Amino acid sequence: MFQTAVKEYMRDSDRKLQILVQYAEKLGARDEVMKYVEVLA
């Protein structure tokens with residue numbers, strides 16, 4: 001489910017990666033999110 005959510009977010013042309021990273025940091029998932037962002041960006 002997490003992977004699907006990140007993929008869908010990355011498909012959005014109006015994505016704001018800084019905000020995504022901020023949320024990920026607050027949730028303690030920054031490293032996991034960054035793995036997907038680096039591959040999909």
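Let's start on the outside of helix α2. One face of α2 points away from its buried side, and that face carries the exposed residues Gln 18, Tyr 23 and Lys 26. A quick caution: this is a predicted model.

Now turn the helix over. Which residues of α2 are buried? They are Leu 20, Val 21 and Ala 24. These residues span an arc of only 95° around the axis, so they sit on the same side of α2. And what covers them? The cover includes α1 and α3.

That brings us to the core. The largest nonpolar core has 6 residues. Two of the buried α2 residues we just met, Leu 20 and Ala 24, belong to this core. The other members are Val 6, Met 10, Val 33 and Val 37. Where do they come from? Helices α1, α2 and α3 each supply at least two residues of this core. For orientation, α1 runs 2–11 and α3 runs 30–40.

Take Met 10 as an example. Leave out residues up to four places away in sequence. Then Met 10 touches Arg 15, Leu 17, Val 37, Leu 40 and Ala 41. Val 37 is a fellow member of the core.

Back to the surface. Ile 19, Tyr 23 and Leu 27 make a nonpolar patch there, about 350 Å² in area. Ile 19 lies in α2, which covers residues 17–27. Is Ile 19 buried, exposed or partly exposed? Ile 19 is partly exposed, because its relative accessible area is 34%, and partly exposed means between 20% and 50%.

Last stop, the end of the helix. Gly 28 follows α2. The phi of Gly 28 is positive, near 75°.

Methods
Residues numbered from 1 in each chain as written. Predicted model: local features only at pLDDT ≥ 70, side-chain atom pairs only at ≥ 80, totals over all residues. Heavy atoms only, no water. Patch = residues over 30% accessible without salt bridge, like charges linked within 9 Å, V, L, I, M, F, W, Y side chains within 5 Å. Areas by Shrake-Rupley, 256 points an atom, 1.4 Å probe, with all protein chains shown as cover. Salt bridge = Lys/Arg side-chain N within 4 Å of Asp/Glu carboxyl O. Helix = DSSP H or I, 4+ residues; strand = E, 2+ residues; numbered from the N terminus. Buried < 20%, exposed > 50% of the residue type's maximum accessible area, 1.4 Å probe, protein only. Core = buried A, V, L, I, M, F, W, Y, C linked by side-chain atoms within 4.5 Å. Contact = heavy atoms within 4.5 Å. Arc of directions from axis to C-beta.
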